[in-house]
Amino acid sequence: MKKFAVIAIACILILSILLCGCTKSTSDYTINNSDSINIGIIASDDSVLKGVDYASSLAPLVHIDKEYKINTLTYSINDDINTTASELLSQNVCAVICDGSYKTHTDLIIKAFEDTSIPLVFIGNHSDLIQTTDNAFSISTPYNYQSSAAVSYLTSEGLSTGAIVLGDDSEYMTTVAEMFESAFMASGGKSVSTYYFTGEKENFSAKAISGAGLDFAFIIADDASRNSIYTELVDAGFASQIVFSEVIDKAQLHDESYNNVSFISNFELDDNNYIGSDFINTYSEKNGIKTTEVTPSIAYGYDAYMTIYEVLRNFNPNSQSLSPFSTEATAETGDENNQITVSQVKDALKEIEYFGVTDTITFDQNGLSNTTFIYIDKVENAQPKMLNRYEFNNEQN
């Protein structure tokens with residue numbers, strides 16, 4: 001395994017562009033006015049739900065001013081989102097874990113909760129609205145980090161001409177494309193062409209890309225757009241290296257049609273991430289599955305729950321650290337009548353530091369994860385294999 005150190009470039013540029021437009025929350029309520037605290041879940045990915053359920057089984061109670069049972073309230077991402085938002089609001093949820101595999105779903109969820117203080121913790125970061133909404137967070141790898149790793153990987157492979165294909169033409173995507181091109185050219189690349197799959201700037205042409213004699217195509221998009229782009233490129237005869245942005249559910253790539261595709265991953269059995277490796281071994285043993293079946297989506301579901309749990313736990317000044325994979329959440333209770341509002345949970349999330357199984361989870365001022373390492377994988381014989389680990393000199397950490 002090769003090990004690279006890369007710098008997450010253009011972070012300041014992206015932050016400065018996306019600082020404006022934060023939504024002001026207009027509702028607030030107490031989250032611990034009974035013997036339980038509720039966490040909402042909006043998802044359709046069974047693996048994400050398995051990760052949440054596993055975390056809930058290990059940390060079902062939280063000690064604040066007294067002991068509270070944590071309830072998880074699960075809704076399908078295909079349900080009417082406004083009805084779901086109203087029901088979760090009526091249940092005084094402290095936060096909502098959201099499956100953000102698709103940009104359209106992410107946008108709908110954010111808009112449904114825009115007049116609330118309820119923090120939304122997304123698994124996925126395909127929508128630019130996350131960066132411009134005060135109560136939205138993502139624990140997945142931001143595109144600027146992914147682009148930095150992709151540049152290092154592509155140039156190390158001696159590839160000098162390529163296309164970057166973006167799922168949409170949002171300001172965030174456009175900025176990432178500009179950052180990628182600048183870094184790629186500075187690293188010895190010769191040319192990069194930018195294509196947009198949807199939006200006013202839409203100019204994607206599989207035929208044009210396939211006929212240009214390029215060394216690679218780097219696809220940054222949500223699951224639906226990525227698969228459509230890939231299919232069109234293959235059908236048009238593109239035979240050069242294809243790289244996907246982060247794939248959270250690797251089971252999607254267990255198909256020979258994806259052989260030789262490389263992609264970004266944030267979770268591997270890796271001695272340099274002993275917490276993640278311990279999680280893989282422990283989860284596989286307890287659930288009777290192979291270690292290769294412990295996907296990033298399971299780990300992200302686990303980390304989303306545990307990040308919220310860590311926020312709740314920190315409201316008790318006497319609480320003791322919860323070790324990873326503990327079966328008991330033991331802690332002393334704090335002061336009596338410690339009423340916590342949902343806006344306090346939101347604000348505490350902005351300052352959290354949780355040593356998760358996917359990464360150390362902290363958020364920048366736009367609600368995006370401050371990533372410290374990611375991987376490049378490649379599909380061989382219908383199975384993803386880790387190629388390289390990339391580490392970031394993140395000045396924000």
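A pocket, as the word is used on this tour, is an open set of grid points with protein on both sides within 12 Å along at least five of seven lines, and its lining residues have an atom within 4 Å of a point. Keep in mind as you click around that this is a predicted model.

**Stop 1: the largest pocket**

Start by selecting Lys250, Glu268, Thr291, Thr292 and Pro384. Among the 16 residues that line the largest pocket, these lie nearest its centre. The space inside comes to about 300 Å³. If you colour the lining by class, you will find seven nonpolar, five polar and four charged residues. Now highlight residues 383-392, which form strand S16: with four residues, this strand gives the most to the pocket lining.

**Stop 2: Ala382, in the loop before S16**

Step to Ala382, which sits in the loop between strand S15 (373-380) and S16. Check its backbone: phi is positive, about 65°, although Ala382 is not a glycine. Is Ala382 buried or exposed? Its relative accessible area is 11%, and buried means under 20%, so Ala382 counts as buried. Then show Ala251 as well. The two alanines are 131 residues apart in sequence, yet their C-alpha atoms are 9.7 Å apart in space.

For another backbone of this kind, jump to Asn92, a residue other than glycine whose phi is also positive, near 55°. You will find Asn92 in the loop between helix H3 (81-90) and strand S5 (95-99).

**Stop 3: strand S8 and its neighbours**

Next, select residues 161-166, which make up strand S8. Six of its six residues are buried, so the strand is largely enclosed by the rest of the structure. In a regular strand the side chains alternate between the two faces of the sheet. Turn S8 to look at each side: Thr161, Ala163 and Val165 are on one, Gly162, Ile164 and Leu166 are on the other, and both faces are covered.

Which strands pair with S8? Add S9 (residues 191-196), which runs parallel to S8 and is joined to it by six bridges. Then add S10 (residues 216-220), also parallel to S8, with five bridges between them. Ala163 is a handy place to see both pairings: Ser193 stands opposite it in S9, and Ala217 is its bridge partner in S10.

**Stop 4: helix H6**

Now bring in residues 171-186, helix H6. Together, S8, H6 and S9 make a right-handed β-α-β unit. The helix has 16 residues and reaches 23 Å from first C-alpha to last, close to the expected 22 Å. Which of its residues are buried? Select Tyr172, Met173, Thr174, Thr175, Val176, Ala177, Met179, Phe180, Ala183 and Phe184 to see them. An α-helix has 3.6 residues a turn, so residues three or four places apart point the same way. Just past the helix, look at Gly188, where phi is positive, near 105°.

**Stop 5: the enclosed spaces**

How many cavities of 30 Å³ or more does the structure hold? There are three. The largest cavity has a volume of about 150 Å³. Of the 19 residues lining it, Ser101, His126, Asp223, Ile248 and Asp249 are the closest to its centre, so select those to finish. Coloured by class, this lining shows four nonpolar, ten polar and five charged residues.

Notes
Residues numbered from 1 in each chain as written. Predicted model: local features only at pLDDT ≥ 70, side-chain atom pairs only at ≥ 80, totals over all residues. Heavy atoms only, no water. Helix = DSSP H or I, 4+ residues; strand = E, 2+ residues; numbered from the N terminus. Expected span 1.5 Å × (residues − 1). Buried < 20%, exposed > 50% of the residue type's maximum accessible area, 1.4 Å probe, protein only. 1 Å grid on protein atoms, 1.4 Å probe; cavity = no way out; pocket = protein on both sides within 12 Å on 5 of 7 lines; lining within 4 Å. Points joined across faces, edges and corners; volume = space filled by probe spheres on them. Nonpolar A, V, L, I, M, F, W, Y, C, P; charged D, E, K, R; others polar. Pairing = 2+ DSSP bridges. Right-handed = clockwise from strand over helix to strand, strands pointing away.
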